[in-house]
Amino acid sequence: MAADTQTSFNALLKQIWPQRQIYDMLNYGMPFFALLRKDSNLAFKNNIAAGYGTTQGISSSFADAKANKQPESNAGFQFGAGQIYSFASVDRQLIRLSRGDARAIIGALDRAAQQAILGWKFECATQLWGNGGGAIGQVSSVSGVNLVLTNVDDVVKFDRNMTLQAAPDDGTSATGGPTAVRPGSVIVGSINRQLSATTYHLKPSSGNWTDSGNIPGLAVNDYLFRGGNYNAAINGVFSWIPASDPTAGDNFGGQDRSLDPLRLSGIKITATGFTPREAAMRIVREAIRNSASPTHLFENPTNFGDLQLELQQAGMQVVTKEAPAAIGTHVFGEPIDGIGFIGTRGIVKVYADDRVPSGNVAALQLDTWYLSGAGEFPSLVAEDGLTIMREEWTDSFELRVVGDLQLFCVAPGLNARATVS
């Protein structure tokens with residue numbers, strides 16, 4: 001019997017995971033990704049123009065209108081391509097021992113590809129709601145093997161065997177960075193995901209957190225990162241709409257947003273102390289006051305559940321369904337379920353996304369956002385045409401899921417974020 005070859009595995013993998021199936025798998029559980037407009041035109045350098053002021057040749061007097069004429073205000077943002085990799089391995093002996101059993105081989109390849117795609121999906125979902133710095137949690141306390149996160153909802157961003165690094169800042173200027181990660185790294189050994197967890201959320205796979213072989217400098221209030229992500233994540237929603245107004249000297253994609261903080265970095269609202277429904281109404285009111293028209297609210301499931309309960313009790317909840325945005329010629333069949341309420345300018349749709357940092361609500365005018373990729377993203381197809389390759393130092397084959405992408409907003413000032421209880 002002829003042995004299976006790298007070429008035959010490659011053909012099998014393409015049959016098991018065609019690009020359309022990858023797209024379908026990504027949309028489930030990622031409402032923001034699913035609803036975002038997408039294109040495949042990402043370049044090495046990408047220039048985005050955002051107009052934030054009209055021409056000023058305006059007056060009741062012709063002479064004054066002529067004399068006071070000024071060019072419109074435009075902001076120019078320039079960003080390179082970001083990238084997210086997800087690798088998986090298939091043991092060579094496992095394939096050999098199947099002795100040509102196609103079902104066994106397909107099962108091994110299917111499982112490896114599925115896990116790599118899922119890993120890419122979860123990482124992309126996290127980065128889309130980040131601030132570009134790459135942090136996925138903050139240390140509330142650390143003692144021996146026990147580490148408690150500041151926000152329990154961040155536990156969803158961690159997995160067993162994930163390699164973590166730490167830094168005193170979150171990778172952005174908002175917390176005094178970027179500086180550098182602390183020496184060392186830790187592989188996560190166990191995770192306590194219960195909301196009631198108080199003793200620990202994360203434990204290392206070996207030793208104590210601050211052992212010499214782990215992260216000896218780890219301290220309370222440090223930020224945690226997936227290995228290699230410090231100051232290297234794509235521009236998430238909360239990089240375009242930071243928590244506070246940028247100050248003089250700000251440099252976001254080459255633009256000083258302090259020239260007009262609201263229109264260049266979004267509307268920021270403090271709605272703590274309000275009920276969830278009051279907070280949602282306040283967000284919409286403030287957005288409209290600033291000429292914005294939010295169409296979608298995205299919340300962490302904790303905050304979403306509170307809003308849903310209050311809207312139900314008030315008899316104000318609307319059930320919504322929305323089709324995902326097409327990717328090229330691929331149109332999805334399953335709509336995204338959400339709720340809604342009547343805003344000043346019609347229904348505002350609300351979706352739960354578990355990667356939205358809890359305590360924050362994003363009120364977005366969705367047509368001002370788009371996700372751009374360099375060709376299909378993510379994809380199993382490598383540039384040399386091989387989707388599976390021999391690993392050099394282990395007796396296995398490797399497959400790679402890769403996406404080159406970046407998130408863009410053409411009108412930050414038409415979007416808002418709120419801090420809620």
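Helices and strands here are DSSP runs, numbered from the N terminus. With that naming in hand, let us walk through this structure, which is a predicted model.

## A loop residue and a helix start

Val410 sits in the loop between strand S19 (396-409) and S20. With a relative accessible area of 32%, Val410 is partly exposed. Its C-alpha atom is separated by 6.6 Å from that of Trp369, although the two residues are 41 residues apart along the chain.

At the other end of the numbering, Gln19 belongs to helix H2 (residues 19-27). Gln19 is buried, its relative accessible area being 14%. Who are its partners? Setting aside residues up to four places away in sequence, Gln19 touches Glu376, Phe377, Pro378, Ser379 and Leu380.

## The nonpolar cores

In soluble globular proteins, nonpolar side chains tend to be buried together. The largest nonpolar core in this model has 59 residues, and Phe32 and Leu364 are the members that touch the most others. Helix H6 (residues 102-128) gives the most to this core, contributing ten residues. Apart from it lies another core, of 23 residues, which includes Ile267, Phe304, Ile339 and Phe341.

Phe32 deserves a closer look. Beyond its neighbours within four places in sequence, Phe32 is in contact with Leu128, Trp129, Val237 and Phe298, and also with Asp353, Leu364, Leu366 and Leu407.

## Helix H10 and its cap

Helix H10 (residues 301-313) is a good place to linger. Its 13 residues should span 18 Å at 1.5 Å a residue, and the end C-alpha atoms are indeed 18 Å apart, in agreement.

Which residues of H10 are buried? They are Asn303, Phe304, Leu307, Glu310 and Leu311. Seen down the axis of H10, these buried residues fall within an arc of 135°, so they line one face of the helix. The background is simple: an α-helix has 3.6 residues a turn, so residues three or four places apart point the same way.

What do the buried residues of H10 pack against? Their partners are helix H9 (276-289) together with strand S12 (296-299), strand S14 (336-343), strand S15 (346-352), strand S16 (360-364) and strand S20 (416-420).

The N-terminal end of H10 is capped by Asn300, which has a side-chain oxygen 3.0 Å from the backbone nitrogen of Thr302. Asn300 itself is found in the loop between S12 and H10. Is Asn300 buried or exposed? At a relative accessible area of 3%, Asn300 is buried, given that the cut-off for buried is under 20%. The side chain of Asn300 also reaches the backbone oxygen of Val356 at 3.0 Å. Leaving aside neighbours within four places in sequence, the contacts of Asn300 are Asp153, Asp353, Asp354, Val356, Pro357 and Ser358. After H10 comes Gly315, with a positive phi near 70°.

## Salt bridges

How many salt bridges are there? The count comes to 13. Three of these pairs are set out below, with the distance between nitrogen and oxygen.

| Basic residue | Acidic residue | N to O distance |
|---|---|---|
| Lys268 | Asp245 | 2.8 Å |
| Arg257 | Asp250 | 3.0 Å |
| Arg355 | Asp354 | 3.3 Å |

The pair of Lys268 and Asp245 links distant parts of the chain, 23 residues apart. Lys268 lies in strand S11 (residues 267-271), while Asp245 is in the loop between helix H7 (237-240) and helix H8 (261-265). Lys268 counts as partly exposed at 23% relative accessibility, and Asp245 is partly exposed as well, with a relative accessible area of 42%.

In the pair of Asp250 and Arg257, both partners are out of the way of solvent by the accessibility rule: Asp250 counts as buried at 16% relative accessibility, and Arg257 counts as buried at 5%.

The pair of Arg355 and Asp354 is mixed. Arg355 is buried, with a relative accessible area of 6%, whereas Asp354 is partly exposed at 31%. Asp354 also appears among the contacts of Asn300, the residue that caps H10.

Elsewhere, salt bridges that share partners join Arg285, Glu286 and Arg289 into one network.

Methods: Residues numbered from 1 in each chain as written. Predicted model: local features only at pLDDT ≥ 70, side-chain atom pairs only at ≥ 80, totals over all residues. Heavy atoms only, no water. Core = buried A, V, L, I, M, F, W, Y, C linked by side-chain atoms within 4.5 Å. Buried < 20%, exposed > 50% of the residue type's maximum accessible area, 1.4 Å probe, protein only. Helix = DSSP H or I, 4+ residues; strand = E, 2+ residues; numbered from the N terminus. Contact = heavy atoms within 4.5 Å. Salt bridge = Lys/Arg side-chain N within 4 Å of Asp/Glu carboxyl O. Expected span 1.5 Å × (residues − 1). Arc of directions from axis to C-beta. Polar contact = N/O pair within 3.5 Å; in protein donor to acceptor, adjacent residues only side chain to side chain.
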